[in-house]
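Open the model in a viewer and keep the selection panel at hand. The stops below go from an enclosed space to the strands and helices around it, and then to a pocket.

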Amino acid sequence: VDADIRESDPPYNYGWDVVAYPDGTLWHEGKGYPSLFWDGLGRGEFPSLPHVGFVAAREDLEVTLRAHLDALGLNDHERNDFLDFWLPLMPTTPFTRLSWLGTRDMDKLAPLAVVPAPDTSIRIFLVFEGLSERQELQPQILRAPRRRGFTLVEWGGLLRRQ
C-alpha cells in the first residue's frame, strides 16, 4: 500500500507477503489472520467531499450504516467487522455526517499492489463527523461491484473533528 503506515498487524515492514485462501483466511509467516490491519496516511490525493454524503440522526446511525455497507457490497461478516470496529468510535452528537470514498478514490489515495491482481476490488472508506444540527448534503450514490473470483475487500474510516 502506498501510504505512510503508523501501525499494522501483521507488521508491514516494506509490504506483506501473505497467502490468501478461498475461505478468506490469510497466512503470513506461519500465522493465520482474519484480515490485515494498517493505520496511516495515504500518499495520494484525498478527494474533496464538501457537500456530498448523508446525515444520520444518532438513533438511526447503526441502521443507516448497515444499509450503506450492504449497498457498497460488504457481506455479513465484513459488515459486522466494520460495525464492531467503528460503532464505538462514532460521535454521540445529535447527527453524524457520513461521506464515503470508494475503490476509485482509494486507488488514488493509497494505491495497492497485489499479486496476483484481484478479479474484484471493494475498497471503502468512511469520512464522518459529529454535527449538532442537520446539514443538507447531496446524497452519494452507493454501488457495489459484482463479486467474481478473487475478491479483495478493504474498509476504513476517518473521524473528522471540528
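Select the residues that line the largest cavity of this predicted model: Leu49, Arg97, Ser99, Val127, Phe128, Glu129 and Arg160. By class, this lining divides into 3 nonpolar, 1 polar and 3 charged residues. The cavity holds about 50 Å³ of space. With a threshold of 30 Å³ or more, the count of cavities comes to 1.

Now colour the lining by strand. β7 and β8 each supply at least two of the lining residues. The largest share comes from β8, with 3 residues.

**The sheet**

Next, select β6, β7, β8 and β9. These 4 strands form an open sheet, in the order β6-β7-β8-β9, and the pairing is mixed. Go to the two edges: β6 covers residues 54–57 and β9 covers 151–159, and each of these strands pairs on one side only. Look along the sheet to see the turn between neighbouring strands, which is 25° on average, with direction ignored.

Which strand does β8 run parallel to, and how many bridges join them? Select residues 120–131 for β8; 9 bridges join this strand to β9, and the two run parallel. For one of the residue pairs, show Ser121 together with Leu152, its bridge partner in β9.

**The helices**

Add residues 61–71, which make up helix α1. Helix α1 lies across β6, β7 and β8. Its direction is at about 10° to β7, the strand of residues 95–101.

Then add residues 76–86 for helix α2. Helix α2 lies across β7, β8 and β9, and runs at about 20° to β9. Show both helices with the sheet: β7 and β8 are crossed by α1, and β7 and β8 are also crossed by α2.

**The pocket**

The last stop is the second largest pocket, with a volume of about 440 Å³. Which residues are closest to its centre? Select Gly102, Thr103, Arg104, Ile141 and Arg143, which hold that position among the 16 residues of the lining.

Widen the selection to the elements that contribute. β7, β8 and α3, the helix of residues 103–109, each supply at least two residues of this lining. By class, the lining of the second largest pocket has 9 nonpolar, 3 polar and 4 charged residues.

To finish, keep β7 and β8 selected and switch between the two spaces. Each of these strands gives at least two residues to the lining of the largest cavity, and each gives at least two to the lining of the second largest pocket.

Technical notes. Residues numbered from 1 in each chain as written. Predicted model: local features only at pLDDT ≥ 70, side-chain atom pairs only at ≥ 80, totals over all residues. Heavy atoms only, no water. Pairing = 2+ DSSP bridges. Axes fitted to C-alpha atoms, helices over the stretch in contact; angles between N-to-C directions. Contact = heavy atoms within 4.5 Å. 1 Å grid on protein atoms, 1.4 Å probe; cavity = no way out; pocket = protein on both sides within 12 Å on 5 of 7 lines; lining within 4 Å. Points joined across faces, edges and corners; volume = space filled by probe spheres on them. Nonpolar A, V, L, I, M, F, W, Y, C, P; charged D, E, K, R; others polar.
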